[in-house]
Structures are given as C-alpha cells and as structure tokens.
Amino acid sequence: MNDSEELAPAVASILRSAEARGDPEGGPLSVDARSLPAALSRAETDGRVPVIAEVKPTSPTTDGTRDADPVELAERMVAGGAAALSVLSEPDHFGGSPENLRRVREAVDVPVLRKDFVVRESQLDTVAADVVLLIARFVGEDLGDLVAAAEERGFQPLVEVHDAAELERAVAAGAELIGVNNRDLAKLEVDLETFETVAPQAPDDVTLVAESGIGSPDDARRMVEAGADGLLVGSAIMDGVSESPSGGRGAESLETVTENTRRLTRARTQR
Ligand SMILES: O=C(O)c1ccccc1NCC(=O)[C@H](O)[C@H](O)COP(=O)(O)O
C-alpha cells in the first residue's frame, strides 16, 4: 500500500511498523476456530447485545497505558456478557502482544479476534486466533489473497472497511465477516453515521460488525438498529481501568470492566 500521505500521522506510523516487523518462525498455522457468527447469534438469542469486547492497553487516541493483566480483563469482559473478545497483538502503538492473545484464548471459551495490522501473509502465522483482522485500506490489492490465506489456515477473516468502495472490495474478496470502522483512519475522527451509511449496502448473508466509537447503551442500540450483528468496543469497556494494577484500586477498576461490559450487553433493542 502506498497512500500513507492520506493517513493520520499515527496511522502511517502504525503501518510503517507493521511493514518493518519481522516474520514469525515456523510453518503456516492450522487453527481450529470457534465460530464468531455462532457466538454472536447465541448472545442475541440470550437477549444480550452481541459485544466483542476489546483488551486494549493503549492506542494513539488513549491517554496512558492500562497494564492490568489481559487474562483478568478478558475474564471480566466474559462475566459481563461479552459474546467474543478482541485482543491487541500490536506492540508499538497499542501495548499489545501475541503472548497476551495466546494467554487470553487459552483462558476463555469465546471466540478471540486478533487485533493487529497484518500486511503480508507470513504475519498470519504469528499467533493462533479464531478471527483475524484484515484492513482493506492497508492491504490494497492483496486483500483477496490474504482472505484466502487466512481461511486456508482455519482463521475467520474479519475484513475492515470504512466506505462503500472498500465494502465492494471486501465482498469481491470473498469476505463473510465485515467490520465497518466508524473511525476514519485519515483523521482519527469517529462518526457512528459511517456504519449507518455503509451497512445497508452490504449483502444480507454477510455478518456485519460495527467498530469503534460505541460509548453508551444508546450507541449500542443505534448500531444494532442500523443492522450490526456484532459491536466491537474497546475504550468504553476499558474506561476506568487504572493505569497501575497494584493495590485495591487495581481490583476495583477491574470490576469496572465487568460493569462497563454489562451496561452495553444489556442495552435492549427493538430490532
Ligand atoms: O483506537 C485508536 O486510537 C486507533 C487509532 C488508529 C488506528 C486504529 C485505532 N483503533 C483500532 C480499533 O479498531 C479500535 O481499537 C476498536 O475498533 C475499538 O474502538 P473503540 O471502542 O473506539 O476503542
């Protein structure tokens, strides 16, 4: 991809570091994936809003780093009703790691999304996950090959788009899981109208995930009413986790994660 001048500086930096990252050792992974669409439908059947809760230690738009144990965070998200989890494995801008993801996936039984910025096939083999993110804008013409390579390994690829043209490319690449990112990677601004504009243009048989900027039960209802089968939520769930895990404050703030997750998963909708 060669449009870094059209990306926010922080995003161009994310892309540069993804391109520079070394390749993992060993051959292609073979993954026995837990189904994300099945987990999202189970949540709906149970009367929960289908939330994919994200273990997100930091980001270019977050102050400070939450270094609470990712497994403890993940367990509290599941206790709050999360249908699935997303774990950052990107180390340089999001404080994530492949090891965090491996430990979380071992500890929970819901599907786990690998949240990273994969730019070439070999990077799929860094760590096993149930779902792997492929960002249409970052991978350009390689999208179809990466979707196929992810599926060959057993991953469910979640293709992230931001507009109708990217949606068309995702569908042409064979994506069955599509995430519409409300965050514009050119400006880092978040607008929930993005999902409302793009979602109606998606084929009915695609599982649609609304990503980013979902901060309240009203936002969650709004995205489900606009057609979201799943909601990817990071900041609003991590909100309140202290930047230091030590002492009583750490334990209290971990409990906040359960409450934050529950507030969103219990946001009933009329759909
Ligand atoms: O979150 C950021 O600051 C960010 C900046 C640049 C590129 C990507 C970024 N976020 C990645 C994500 O996809 C979000 O972590 C995810 O959608 C959750 O978003 P939110 O609920 O708004 O934390």
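Here is a short chat about the ligand site and the pocket around it.

Mentor: Before we start, this is a predicted model, where local features need pLDDT of at least 70, side-chain atom pairs count only at pLDDT 80 or more, and totals for chains, interfaces and linings use all residues. Residues are numbered from 1 along each chain as its sequence is written, and side-chain values use heavy atoms, with hydrogens and water left out.

Trainee: Which residues come nearest to the ligand?

Mentor: Near here means that a heavy atom of the residue lies within 4 Å of the molecule. There are 18 residues around the ligand, and the ones that come nearest are E54, K56, T61, K115 and S235.

Trainee: How much of the ligand's exposed area does the protein bury?

Mentor: Start with the polar atoms: an oxygen atom of the ligand is 2.8 Å from a side-chain N or O atom of S59. One is also 2.9 Å from a polar backbone atom of G213. Taken alone, the ligand exposes 500 Å² (Shrake-Rupley method, 1.4 Å probe), and the share buried by the protein is 98%.

Trainee: How do the residues of the shell around the ligand divide?

Mentor: Ala, Val, Leu, Ile, Met, Phe, Trp, Tyr, Cys and Pro count as nonpolar, Asp, Glu, Lys and Arg as charged, and the others, Gly among them, as polar. On that basis the shell around the ligand has four charged, six polar and eight nonpolar residues.

Note on methods: Polar contact = N/O pair within 3.5 Å; in protein donor to acceptor, adjacent residues only side chain to side chain.
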